[in-house]
There are 2 protein chains.
Amino acid sequence: MRPGSELTVILHQTRSPDNLGAVCRIMANFDFQRLVLSEPITRDFAGAERLAVKSDHVLKALTVAPTLGEAVQDCVYVVGSTSRTQVVGRSALTPEEAARRLAEESKRGRVGLLFGGEQRGLSDEDLTHCADVLVIPTSDVQPSMNLAQSASVLLYLCHRQGVEPSGPPAEEPGARLGTLGALSKRMRETMLAADFLNRQAPDHVLHELEQTLMRSRLTQREAELWLNAFKHLGRAVTPGTSRE
Amino acid sequence: MRPGSELTVILHQTRSPDNLGAVCRIMANFDFQRLVLSEPITRDFAGAERLAVKSDHVLKALTVAPTLGEAVQDCVYVVGSTSRTQVVGRSALTPEEAARRLAEESKRGRVGLLFGGEQRGLSDEDLTHCADVLVIPTSDVQPSMNLAQSASVLLYLCHRQGVEPSGPPAEEPGARLGTLGALSKRMRETMLAADFLNRQAPDHVLHELEQTLMRSRLTQREAELWLNAFKHLGRAVTPGTSRE
């Protein structure tokens with residue numbers, strides 16, 4: 001099983017037409033089609049077609065999302081590629097593990113492989129959109145890989161997960177990140193109103209709760225159920241009443 | 001066990017400073033140092049340093065060989081990377097098999113990973129220097145990979161063969177291709193003089209004999225022994241005497 005047509009490549013804050021073109025060619029090499037530019041640094045990617053040899057179909061079909069949140073919203077699983085100097089205090093998948101995980105999760109819906117921009121990679125904030133992070137092991141001499149070279153390694157490994165084109169999701173459709181994002185927003189509002197979260201620093205506790213839902217691999221139906229539950233809770237809460 | 005310091009990357013008939021620079025960076029990413037340009041199309045690689053980020057040490061230490069034969073002469077094993085449209089009538093290794101084979105053979109001495117030029121790849125003649133060929137499986141839509149992207153995939157896999165730096169060869173040193181080339185030349189002369197080979201078409205039979213020696217993984221000592229044997233035979237043969 002390979003991620004196949006369910007895999008979305010997401011380039012966050014890309015600035016180089018050369019990198020964009022090279023990534024299109026690699027995607028065509030390994031038979032992936034879906035490309036999203038999230039919050040691109042420039043909209044002027046003239047010149048990308050020079051390196052996008054025989055991969056016009058990928059270049060022309062790409063979509064642009066103004067924010068990373070919107071770029072990942074229809075994915076059920078996203079893994080972000082970072083350098084090992086960036087990932088601190090979080091355990092990272094190997095490239096092989098990430099490729100296997102993408103293939104597995106693609107049975108539940110669209111999956112995303114996320115790359116950071118050329119200059120700063122992915123921030124901690126960006127990584128909150130990722131269920132996992134992966135690190136390509138590199139040497140101490142030059143730990144930082146070029147964007148297109150990282151994409152080569154990872155898309156090759158995804159391609160090698162199998163050769164059959166993926167059909168419709170085999171499992172119950174997973175919760176899309178867009179729905180989970182809406183749930184998160186609603187949880188925050190409701191729990192703040194109910195004085196459960198500390199108004200000065202609500203994030204830590206909220207993230208812990210979100211993580212448990214993330215880990216449980218919610219289906220889309222379950223996520224909508226939760227969302228609906230918090231909508232009702234939100235309407236029912238009268239702010240201030242839980243204070244002593 | 002990884003090919004480590006015994007691995008030589010050989011770029012044959014390269015013309016693009018960008019590709020050269022990108023390959024240097026990938027080599028630094030994965031801790032390989034030895035780079036040979038064989039029969040480069042240009043000697044003017046100004047601009048390569050732009051993409052050779054933090055890999056000056058690789059770029060500055062590269063050597064240039066006027067022919068492919070000279071580029072591979074101190075290797076005991078060379079595998080050439082071709083596209084699947086080029087390799088006809090020869091069974092190709094997968095990238096994973098090639099990486100394992102390079103690691104194995106590196107116990108006998110230097111091993112070479114050979115890439116063809118941007119425009120024509122590797123010719124049949126070029127491939128005669130290779131004990132094996134490898135093909136990165138790609139899609140029908142765009143089967144041809146960019147040079148630097150192929151190098152990313154293959155050097156990543158070589159790197160993943162293990163992380164310990166390779167020490168001195170663990171096995172008896174293997175026959176260097178330079179010595180094997182000299183042996184091949186001497187065999188041809190001697191066998192022609194002895195009228196064993198057909199003067200109009202000597203190659204087919206000669207190659208069959210050479211292949212048996214290649215398969216036996218000669219040590220350097222054994223190859224020198226054979227070479228010496230044919231030197232003596234050559235001097236002992238009187239041309240024409242074997243004719244009826």
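Which residue of chain A comes closest to the rotation axis? Select A:Val153 in this predicted model: of the residues of chain A, A:Val153 comes closest, with its C-alpha at 2.4 Å from the axis.

Next, colour the two chains separately. A turn of 180 degrees, with a shift of 0.1 Å along the axis, lays chain A on chain B with an RMSD of 0.1 Å. This is the relation of a two-fold axis. The same surface serves both copies, since 100% of the contact residues of chain A recur in chain B.

Now select the residues at the interface. On chain A, 31 residues are in contact with 31 residues of chain B. The area buried between the two chains is about 2600 Å², and carbon and sulfur atoms give 51% of that area. Within chain A, display A:Asn29, A:Gln142 and A:Tyr156, which lose the most area to chain B and together account for 23% of what that side buries.

Turn then to the polar features. There are two salt bridges between chain A and chain B. In one of them, the side chains of B:Arg160 and A:Glu96 meet at 2.7 Å, N to O. Across the interface, 22 residue pairs are in polar contact.

Finally, show the helices of chain A. On the side that touches chain B, α1 (17-29), α5 (95-105) and α7 (147-160) each supply at least two residues. The greatest contribution to this side comes from α7(A), with eight residues. Coloured by class, the side of chain A that touches chain B shows 15 nonpolar, eleven polar and five charged residues.

Methods
Residues are numbered from 1 along each chain as its sequence is written. Chains are lettered from A and ligands numbered from 1 in the order in which they are written. This is a predicted model: local features need pLDDT of at least 70, side-chain atom pairs count only at pLDDT 80 or more; totals for chains, interfaces and linings use all residues. Side-chain values use heavy atoms; hydrogens and water are left out. Contact means heavy atoms within 4.5 Å. Buried area is the accessible area (1.4 Å probe) that two parts lose on being put together, summed over both. A salt bridge is a side-chain nitrogen of Lys or Arg within 4 Å of a carboxyl oxygen of Asp or Glu. A polar contact is a pair of N or O atoms within 3.5 Å; within protein, one must be able to donate a hydrogen and the other to accept it, and residues adjacent in sequence count only if both atoms are side-chain atoms. Helices (H or I, at least four residues) and strands (E, at least two) are DSSP runs, numbered from the N terminus. Ala, Val, Leu, Ile, Met, Phe, Trp, Tyr, Cys and Pro count as nonpolar, Asp, Glu, Lys and Arg as charged, and the others, Gly among them, as polar. Copies are superposed by least squares on the C-alpha atoms of residues with pLDDT of at least 70 in both.
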